[in-house]
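Reader: I should like to go through this structure by question and answer, with the reasoning stated at each step. Please display it before we begin.

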Amino acid sequence: MKISEKNLVIIPTYNEKENVEKIIRKVFSLSTPFHLLIIDDNSPDGTAGITRGLMAEFPDRLFLEERPGKMGLGTAYIAGFRWALGKGYDYIYEMDCDFSHNPDDLERLSVAVRNGADLAIGSRYISGINVINWPLGRVLLSYFASVYVRLITGMKVMDTTAGFKCYRRQVLEAIDFDDIRLKGYGFQVEMKFTTCKLGFKIVEVPIIFTDRKEGSSKMSGGIFSEALWGVLKMKIRSFWKKYNRRAGGMPAG
Ligand SMILES: Nc1nc2c(ncn2[C@@H]2O[C@H](COP(=O)(O)OP(=O)(O)OP(=O)(O)O)[C@@H](O)[C@H]2O)c(=O)[nH]1
Ligand SMILES: [Mg+2]
């Protein structure tokens with residue numbers, strides 16, 4: 001890796017006091033000199049305070065952005081992307097705080113983008129189904145959600161809802177964040193769909209995903225139904241936009 005290349009890992013947090021210090025230390029123990037941005041939504045359990053306490057130990061590498069309340073994963077990432085672009089990072093990673101994503105795999109995503117991918121996805125479904133400790137119902141839900149998204153969008157991505165990724169900065173520069181509407185799992189789908197439509201190269205890197213051992217899930221029925229309907233609406237909107245461009249502005253909508 002060229003010494004001038006800057007890598008930023010963004011981790012959104014909400015009530016991750018059991019995990020946050022461990023994940024920070026783990027990321028900084030890797031051989032790539034990753035920087036880390038924690039985006040905390042005023043977690044009642046004091047996640048931000050724990051992070052702040054570690055900043056003196058990792059000066060110029062550990063950063064914290066605090067938002068006033070729980071505003072969802074999608075807007076947290078968008079805030080992080082804008083921050084990263086403003087600071088000149090070359091490679092921008094998304095990772096959960098709960099160790100479902102193995103921080104060691106950051107290095108493998110890094111290799112994929114340096115070998116030419118514009119977006120590297122840590123994929124649970126590229127070689128079988130690599131999910132550990134999820135109840136069968138949750139695995140099936142996630143897997144068939146991915147199949148559903150592939151059918152609707154036509155994307156050739158196996159793990160369409162994956163949230164462990166690395167973007168080359170040019171991808172994020174090309175995306176109009178104000179046009180990204182979905183917030184939860186839908187956000188992850190919409191970002192991939194937009195990246196695909198812009199013609200960027202997406203590569204899936206096989207990973208093993210493990211259910212969280214500590215802290216609690218923020219997954220909800222609302223997030224699920226947003227993804228279900230939102231993906232359909234997203235596809236219709238994209239079709240409409242294309243049609244509008246071809247028809248020179250007609251019909252309105
Ligand atoms: N800043 C911020 N972070 C969030 C929010 N919701 C979830 N997170 C974080 O996003 C990451 C993923 O959330 P999880 O609760 O693990 O959701 P999940 O991985 O979809 O669900 P599980 O598999 O059940 O853990 C974790 O690091 C959470 O702390 C939010 O509203 N704001
Ligand atoms: Mg999780």
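Reader: Which residues of α4 are buried?
Author: The model is predicted, and a residue is taken as buried when its relative accessible area is under 20%. Seven of the ten residues of helix α4, which spans residues 105–114, are buried, so this helix is largely enclosed by the rest of the structure. The buried residues are Asp-105, Leu-106, Glu-107, Leu-109, Ser-110, Ala-112 and Val-113.

Reader: What covers the buried residues of α4?
Author: The cover includes one helix, α1 (20–28). It also includes strands. Among these are β1 (7–13), β4 (91–94), β5 (119–123), β7 (165–168) and β8 (202–206).

Reader: Which residue just after α4 takes a positive phi?
Author: Helix α4 covers residues 105–114. Just after this helix, a phi of about 120 degrees is found. The residue with that positive value is Gly-116.

Reader: Are the residues on the two faces of β4 buried or exposed?
Author: On one side of β4 stand Tyr-91 and Tyr-93, and on the other Ile-92 and Glu-94. Both faces of the strand are covered, and these four residues are all buried.

Reader: In which sense does β4 pair with β1, and in which with β7?
Author: Four bridges link β1 and β4, with Asn-7 opposite Tyr-91. Four bridges also join β4 to β7, where the partner of Tyr-93 is Cys-166. The pairing with β1 is parallel, whereas that with β7 is antiparallel.

Reader: How many residues surround ligand 1, and which are the closest?
Author: By class, the shell has nine nonpolar, three polar and eight charged residues. Both β1 and α3 (73–86) supply at least two residues each to this shell. In total 20 residues surround ligand 1, and the closest are Glu-16, Asp-41, Asp-98, Tyr-185 and Ser-217.

Reader: What percentage of the area that ligand 1 exposes when taken alone does the protein bury?
Author: Several polar contacts reach oxygen atoms of the ligand: a side-chain N or O atom of Glu-16 is 2.6 Å from one, and a backbone N or O atom of Gly-72 lies 2.8 Å from one. For Asp-96, a side-chain N or O atom is 3.3 Å from an oxygen atom of ligand 1. Taken alone, ligand 1 exposes 630 Å², and the share of this area buried by the protein is 94%.

Key: Residues are numbered from 1 along each chain as its sequence is written. Chains are lettered from A and ligands numbered from 1 in the order in which they are written. This is a predicted model: local features need pLDDT of at least 70, side-chain atom pairs count only at pLDDT 80 or more; totals for chains, interfaces and linings use all residues. Side-chain values use heavy atoms; hydrogens and water are left out. Buried means under 20% relative accessible area, exposed over 50%, partly exposed in between (1.4 Å probe, protein chains only). Contact means heavy atoms within 4.5 Å. A residue is near a molecule or strand if one of its heavy atoms lies within 4 Å of it. A polar contact is a pair of N or O atoms within 3.5 Å; within protein, one must be able to donate a hydrogen and the other to accept it, and residues adjacent in sequence count only if both atoms are side-chain atoms. Accessible areas come from the Shrake-Rupley method with a 1.4 Å probe; for residues, only the protein chains shown count as cover. Ala, Val, Leu, Ile, Met, Phe, Trp, Tyr, Cys and Pro count as nonpolar, Asp, Glu, Lys and Arg as charged, and the others, Gly among them, as polar. Two strands pair if DSSP finds at least two bridges between them.
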